[in-house]
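Colleague: Could you take me through this one at bench level? I'd like to hear the reasoning behind the labels as we go.

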Amino acid sequence: MHSCSVKVSDAVPTVVVPTVVVPTVCNNGSRQIDINNKNHPYCRTYRQIQGIDKLKPNQMGKTARVVMCGLRKVGKTAVLEQLIYGNISKSTELHSTIEDIYVANIETDRGTREKVRFYDICGLDQPLPNSPASRDQPQLPRQYFGLADGYVLVYDTDRPESLDALIALKKDIDRNREKKEMVLVVIGNRIKQSEVGNLENTASKAAHWAAREKIKHFEVNAMDRSTLFEPFVYLTSRLNPPPNKSTFPQLSMVRKSIGRPDTN
């Protein structure tokens, strides 16, 4: 069994305005074809349907790398599968993840499409209660700290312990970020109907904690694709901020001011 695979889709994903989420590899029967192969007739049709060729070259930036984090069975894989392919239902059977990689083009709030590579890693083990040693241990394999541009922290709104794990994980990320700018979002996945008190208590605690940490918090339902667009559009937009305005005109004005003859 391979520990890593790239997810692809047999069907063209639904385009939802203003959000567009499309995989970067298309399937032609059993063959996987890079959509950048414009000479292949299947890919030409795929690109026309998705409107890929209408994008200007400068509308695509670097590929951002995002790590999906959370306890086991909080719905990380379901969130990604539903976001990119829209193929998750209550009857869908998902197996435990070792590591899968998803690559998608996601439209930002500025209307540009940006490529994001998601690392859907194995769910974290639940920390042992009242064990200081377990909190000091790294929650993530060390290699992810070096490659990640951002993190999606997922918890189950019906499992308070899944939020507690994210709080410890955030501390671990802060210890290992090495002054690197990171984009983090917190997603509460409403997996099943639960008692209102428990749901509100966990989600409310998560919202207050995220506010203190200055992290954006979202509540979603992996069964409802429409709830997933906002957090990932926000994430992609933050990972690809608009370029800073050039300072050359200001420098030019300074030079003109210095070179102006004294009229006194």
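Modeller: Helices and strands here are DSSP runs, with at least four residues for a helix and at least two for a strand, numbered from the N terminus. Bear in mind that this is a predicted model. On that basis the protein chain has 8 helices and 9 strands.

Colleague: Fine. Which of those elements each supply at least two residues of the lining of the largest pocket?

Modeller: That would be α2 (76-84) and β6 (113-121). Helix α2 gives the largest share of the lining, 3 residues.

Colleague: What makes a residue part of the lining, and which are closest to the pocket's centre?

Modeller: A lining residue has an atom within 4 Å of a pocket point. The pocket holds about 540 Å³ of space. There are 25 lining residues, and Lys 73, Val 74, Gly 75, Ala 78 and Leu 94 are the closest to the centre. By class, the lining splits into 9 nonpolar, 10 polar and 6 charged residues.

Colleague: Why is α2 called largely enclosed?

Modeller: Buried means under 20% relative accessible area. In α2, 9 of the 9 residues are buried, so the helix counts as largely enclosed by the rest of the structure. Charged side chains are on that list too, including Lys 76 and Glu 81. After α2 comes Gly 86, with a positive phi near 65°.

Colleague: What about α7, is it mostly covered or mostly open?

Modeller: Mostly covered: 8 of the 11 residues in α7 (residues 229-239) are buried. Among them are Phe 229, Phe 232, Leu 235 and Leu 239.

Colleague: Asp 149 is an acid, so how do you know whether to call Asp 149 buried or exposed?

Modeller: Go by the number: Asp 149 has a relative accessible area of 12%, and the cut-off for buried is under 20%. Asp 149 is therefore buried. Asp 149 sits in the loop between α4 (142-147) and β7 (150-156). Leaving aside neighbours within four places in sequence, the contacts of Asp 149 include Lys 62, Arg 65, Lys 180, Glu 181 and Leu 239.

Colleague: And Leu 153, why is that residue called buried?

Modeller: Leu 153 has a relative accessible area of 0%, so Leu 153 falls under the limit and is buried. Leu 153 lies in strand β7. Not counting residues up to four places away in sequence, Leu 153 touches Cys 69, Leu 166, Leu 169, Ile 173, Leu 184 and Trp 209, among others. Leu 184 is 31 residues away along the chain, yet the two C-alpha atoms are separated by 7.3 Å.

Colleague: Which residues have the most contacts inside the largest nonpolar core?

Modeller: Leu 153 is one of them, along with Val 67, Phe 118, Tyr 151, Val 152, Phe 232 and Leu 235, in a core of 59 residues. Helix α5 (residues 160-176) gives the largest share of this core, 6 residues.

Colleague: How many disulfides turn up, and what makes a pair count?

Modeller: A pair needs its cysteine sulfur atoms within 2.5 Å, and the search of the whole structure finds 0. As for surroundings, Cys 69 is buried at 1% relative accessible area. Cys 122, at 29%, lies between the 20% and 50% cut-offs, so Cys 122 counts as partly exposed.

Colleague: And for the chain as a whole, what share of the residues is buried?

Modeller: Buried residues make up 46% of the 264. Of the contacts with a separation of 6 or more, 71% join residues 24 or more positions apart.

Technical notes
Residues are numbered from 1 along each chain as its sequence is written. This is a predicted model: local features need pLDDT of at least 70, side-chain atom pairs count only at pLDDT 80 or more; totals for chains, interfaces and linings use all residues. Side-chain values use heavy atoms; hydrogens and water are left out. On a 1 Å grid over the protein atoms alone, a cavity is a set of points where a 1.4 Å probe fits but cannot get out, and a pocket is an open set with protein on both sides within 12 Å along at least five of seven lines; lining residues have an atom within 4 Å of a point. Grid points are joined across faces, edges and corners, and a volume is the space filled by probe spheres set on the points. Ala, Val, Leu, Ile, Met, Phe, Trp, Tyr, Cys and Pro count as nonpolar, Asp, Glu, Lys and Arg as charged, and the others, Gly among them, as polar. Buried means under 20% relative accessible area, exposed over 50%, partly exposed in between (1.4 Å probe, protein chains only). Contact means heavy atoms within 4.5 Å. A nonpolar core is a set of buried Ala, Val, Leu, Ile, Met, Phe, Trp, Tyr and Cys residues joined through side-chain atoms within 4.5 Å.
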